[in-house]
Amino acid sequence: MLRIRKIFNIALIILLLLFSLAFIMLQSPLNPAATSEPNYDSCVYLYIGEHMADGIVPYLDVFEQKGPLIFFINYIGILVGGETGVWAMQILSMSIAMLFCFLVGKKYSNYIVSACATSVIFIFLQLFYETGNFTEEYALPFIFIALYLFLEYLDKNKFEFSNIKLSLIGFTLGCVLMLRPNMIALWIVFCGYIVIHSIVKKEYKFLLRCIAFSILGVVVAVLPFIIYLGLNSALTSFIDQYWFFNLRYSETTWGARIRVAVIFVKPIISLISLSFYVLTTIFEKNKNRKLVYALLFLYSLVNIGLLSMSGRPYFHYAMISLPTFIVPISIIFISVYSWVENMSLNRSCILNFSKVPILVIATLIISINSIYDGLGIIKNTKNDGRSGPIMAGEIIKENTEKDDKITVLGYDCIVFLHADRLSSSKYIYQYPISDVSESIKYEYLEHLIIDSPKIIVATHKIEISSYMPEKYYEYITKNYSMIGTAKEYHIYKLND
């Protein structure tokens, strides 16, 4: 009976984890069964990844302020199997994140409880996922790995913490930096603690070892990208777009930042986690546990602060808050599990046999609202009929040669993917970057005259007459003619 129960429990837990993974991954429009379009950011990464094989160099040939790792992830995925290959990269990334989320949770519970807590967290990811293929999604495995290592550092004799693990902490930091620089709250808090604690305790030799091997890990992660960009004369453009432009992108009022921070704190799972950290930091008697909870609480606050820097309430930013949830949810779940286990003592074997199914059912009930919303998103990945971008792509293909270049006004990079044509400008989208630097818009318009793309695509949202100053509007009306419409798209062709 015990062996049957164990096999049953393991099978149930595996099914729950697989359900959670499939639930999120089927919300991606890159899955083979989907017919909906990827989100705007995803289209940019897919475009760059697809054309890197043709010699396109990020930052030099295409303006983009994200780190280079996101482009290489899409490039590798497309080499493997087109958009389905990128979906496979999403699955790999999410699987690693789930594994280390489970391992972190297991430190504070058991494998059954940790699996249920992991499932709850990744089902709640639906709130922030927004169809995926974002930098935040690919940052999750690196953050979870680093969190696991930092907690292991606090749990064990730190002097036995190996150089490989220290290097791995640096490597994960380097990888996250090569995605987006404001996702490093975990390293700011925990590395800051290690430095301060080591100085207070006068453990200078240990601190130097930590710094040396962590830096080694960062260098191993970052150096290949620096070499690639340097060899392709794109290093200066990278620094300008990734660093200086992002600083301008983050300029906003403190009121806007606070409003965005409140939005990111509002989800119930975030409120529960923050409340847990406040209470345990105050009332926990075990000094080591108290330290862990205090650091995790500080990490949560710094993370929310960094996510809110730009004052833009994009929900996918909050995807990287997931690692802050696993410890509180695991401890709450283990308390419930222990209560059920105590009830089962001296009771019928049926109750004892049922405690894992009860916990699994409770997991699904807790997550029911997110499951309902997520199933609606999955259903919407299957659109009936042809979309505007597909129709626009067909018109463009009929009226251009493979080597002809086109341009799209605004931010609908999906048109490039369906038309299978290169952009005539490095600004494959102009919004929201032209809101940060108006010179981008005028540089784009000047090159529109110089490069004379074969096709110009506008949408109902961005009419040519309202988008352009008179000089550029006159040039378009004189040299281009509308050749068709595709739902929201107006398509103009260069006159012969």
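Helices and strands are DSSP runs, numbered from the N terminus, with at least four residues (H or I) required for a helix and at least two (E) for a strand. In these terms, Pro432 of the predicted model is found in the loop between β2 (422-423) and α19 (433-436). The peptide bond that joins Tyr431 and Pro432 is cis, with omega at about 5 degrees. A second backbone feature concerns Asn133, which has a positive phi of about 65 degrees although this residue is not a glycine. Asn133 is found in the loop between α5 (126-129) and α6. Most residues other than glycine have a negative phi, and most peptide bonds are trans.

Helix α6 takes part in two helix packings considered here. The first is with α13: the two axes come within 10 Å and cross at roughly 150 degrees. Because angles over 145 degrees count as roughly antiparallel, α6 is roughly antiparallel to α13. The crossing in which α6 passes α13 is right-handed. On the α6 side, the contact is made by Ile143, Leu147, Leu151, Leu154 and Asp155. Its counterpart on α13 consists of Asn288, Leu291, Val292, Leu295, Leu296 and Tyr299. Divided by class, the residues of this contact are 9 nonpolar, 1 polar and 1 charged.

The second packing pairs α6 with helix α3 (residues 69-106). Here the axes lie 8 Å apart, and the helices pack at an angle of about 30 degrees. In this case the crossing, in which α3 passes α6, is left-handed. The contact of α3 with α6 comprises 21 nonpolar, 3 polar and 1 charged residues.

Empty space within the model was examined next. Rolling a probe the size of a water molecule over the atoms shows where such space is left. The largest pocket has a volume of about 950 Å³. Its lining is formed by 43 residues, of which Asp41, Lys66, Tyr249, Tyr314 and Tyr317 are the closest to the pocket centre. At least two lining residues are supplied by each of α2 (40-52), α10 (235-249) and α13 (287-307). By class, the lining of the largest pocket holds 27 nonpolar, 7 polar and 9 charged residues.

The second largest pocket contains about 220 Å³ of space. Among the 16 residues that line this pocket, Ile169, Cys191, Cys210, Ile211 and Ser214 are the closest to its centre. Two or more lining residues come from each of α6 (135-155), α7 (163-177), α8 (185-200) and α9 (204-231). The largest share, 6 residues, is that of α9. The lining of the second largest pocket is made up of 14 nonpolar and 2 polar residues, with no charged residue.

In addition to these pockets, the structure holds 1 cavity of 30 Å³ or more. About 80 Å³ of space lies in the largest cavity. The residues that line the largest cavity are Phe264, Ser270, Ser273, Leu274, Ser300, Asn303, Ile304, Leu307, Ser321, Thr324 and Phe325. Both α12 (268-283) and α13 give two or more residues to this lining, and α13 gives the most, with 4 residues. The cavity lining divides into 5 nonpolar and 6 polar residues, and no charged residue is present. Helix α13 thus recurs in several parts of this description: α13 is in contact with α6, supplies at least two residues of the lining of the largest pocket, and gives the most to the lining of the largest cavity.

Methods: Residues are numbered from 1 along each chain as its sequence is written. This is a predicted model: local features need pLDDT of at least 70, side-chain atom pairs count only at pLDDT 80 or more; totals for chains, interfaces and linings use all residues. Side-chain values use heavy atoms; hydrogens and water are left out. On a 1 Å grid over the protein atoms alone, a cavity is a set of points where a 1.4 Å probe fits but cannot get out, and a pocket is an open set with protein on both sides within 12 Å along at least five of seven lines; lining residues have an atom within 4 Å of a point. Grid points are joined across faces, edges and corners, and a volume is the space filled by probe spheres set on the points. Ala, Val, Leu, Ile, Met, Phe, Trp, Tyr, Cys and Pro count as nonpolar, Asp, Glu, Lys and Arg as charged, and the others, Gly among them, as polar. Axes are lines fitted to C-alpha atoms, for helices over the stretch in contact, and angles run from 0 to 180 degrees between N-to-C directions. Angles under 35 degrees count as roughly parallel, over 145 as roughly antiparallel, 65 to 115 as roughly perpendicular and the rest as oblique. A crossing is left-handed if the near helix is turned anticlockwise from the far one by less than a right angle, and right-handed if clockwise. Contact means heavy atoms within 4.5 Å.
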